[in-house]
Amino acid sequence: MLLPIASVPSLKHVDTTIFTLRYFGHCMQCTYCADGCCQHGCDVNLAERDRILAVKDELAPFIASPVEQWFSTKVNEDPEYETGKFVRTNTVKGGCVFLNPNGRGCGIHAYALAKGRDYHSIKPAVCWLFPVTWDKAVLRPSWDVTEDLICRATGPFLYDMCRDELGHFFGAPLITELDALRLKAS
């Protein structure tokens, strides 16, 4: 069962490079980047942080760091987030605190799969929407796809890799509009 997103940002523009840029996309099949897209941590709106902390005892076995080290203490203001505020995940040993230190992938995602939970209900939206994000009412490529991601320029188009996730987050009407824009862009 998909849970509705309480509040999503309003979009006024789409950077059409989401239809022309590529990245490897099948992250758990990658053998060369060591989860490079997760090296900086991520933004987590306060509602997402609270949902993660609500299951901290169940989640803790999937995370190498103690719960006190999961999030920065600095609260940032941003009206585009569900709560209008966000924190960042901390980084440990060159990666997001939630990365599996003994293997690959996200500990939050692994927890959701192990417990039979929909990862959308607990994993930060910024992560599951990757390689696309929003900023100042613009739907655009995540900055690391255009700047430092080793697998950029290979594989499927960004939009193709995250179309379903965008639909889950923003709704079917946006997908209809994006599909039409994609046709014009190709």
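**Figure 1. Arg22 and the ring of Phe157 in a predicted model.** In this predicted structure, our first stop is a meeting of charge and ring: the charged end of Arg22 sits over the ring of Phe157. The distance from that charged end to the ring centre is 3.8 Å.

**Figure 2. Stacked rings of Trp134 and Phe169.** The whole structure holds ten aromatic pairs, and here we look at one of them. The ring centres of Trp134 and Phe169 are 5.2 Å apart and the planes meet at 25 degrees, so this pair counts as stacked. Trp134 belongs to strand β8 and Phe169 to helix α6, so the pair links distant parts of the chain, 35 residues apart. Are these two residues buried or exposed? Trp134 is buried, at 9% relative accessible area, and Phe169 is buried too, at 7%. Step back a little and you will find both rings in a cluster that ring pairs build from Tyr81, Phe86, Trp128, Trp134, Phe169 and Phe170.

**Figure 3. The largest nonpolar core and its well-connected members.** This core has 44 residues. Which of them touch the most other members? They are Ile52, Leu59, Trp70, Phe98, Leu139, Leu166 and Leu178. At least two residues of the core come from each of α1 (46-54), β5 (85-88), α3 (107-115), α4 (125-129), β8 (132-135), α6 (158-170) and α7 (172-185). Helix α6 gives the most, with six residues.

**Figure 4. Leu178 and its contacts from elsewhere in the sequence.** Set aside the neighbours within four places in sequence, and Leu178 is in contact with Val14, Phe19, Leu139, Tyr159 and Leu166. Two of these partners, Leu139 and Leu166, may look familiar: like Leu178, they are listed among the core residues that touch the most other members.

**Figure 5. A salt bridge between Glu82 and Arg51.** A search of the whole structure finds seven salt bridges. In this one, the side chains of Glu82 and Arg51 meet with an N to O distance of 3.8 Å. Glu82 lies in the loop between β4 (76-77) and β5, while Arg51 is in helix α1, so the pair ties together parts that are 31 residues apart in sequence. Glu82 is partly exposed at 24% relative accessible area, and Arg51 is partly exposed at 34%.

**Figure 6. Arg182 and Asp160 across two helices.** The side chains of Arg182 and Asp160 form a salt bridge of 2.9 Å, N to O. Arg182 sits in helix α7 and Asp160 in helix α6, and this pair links parts of the chain that are 22 residues apart. Arg182 counts as partly exposed, at 27% relative accessibility, as does Asp160, at 36%. Elsewhere, Arg163, Asp164 and Asp179 are joined into one network by salt bridges that share partners.

**Figure 7. The Asp135 and Lys136 salt bridge.** Here the closest N and O atoms of Asp135 and Lys136 are 3.7 Å apart. Asp135 is partly exposed, with 27% relative accessible area, whereas Lys136 counts as exposed at 67%.

**Figure 8. Asn102 in a loop.** Our last view goes to Asn102, placed in the loop between β7 (95-96) and α3. Why does Asn102 count as exposed? Its relative accessibility is 73%, and exposed means over 50%. The C-alpha atoms of Asn102 and Ala64 are separated by 9.1 Å, although the two residues are 38 residues apart along the chain.

Key: Residues are numbered from 1 along each chain as its sequence is written. This is a predicted model: local features need pLDDT of at least 70, side-chain atom pairs count only at pLDDT 80 or more; totals for chains, interfaces and linings use all residues. Side-chain values use heavy atoms; hydrogens and water are left out. A nonpolar core is a set of buried Ala, Val, Leu, Ile, Met, Phe, Trp, Tyr and Cys residues joined through side-chain atoms within 4.5 Å. Buried means under 20% relative accessible area, exposed over 50%, partly exposed in between (1.4 Å probe, protein chains only). Helices (H or I, at least four residues) and strands (E, at least two) are DSSP runs, numbered from the N terminus. Contact means heavy atoms within 4.5 Å. A salt bridge is a side-chain nitrogen of Lys or Arg within 4 Å of a carboxyl oxygen of Asp or Glu. Rings of Phe, Tyr and Trp (its six-membered ring) pair if their centres lie within 6.5 Å; planes under 30 degrees apart count as stacked, over 60 as edge-to-face and the rest as tilted. A charge sits over a ring if NZ of Lys or CZ of Arg is within 6 Å of the ring centre and within 35 degrees of the ring normal.
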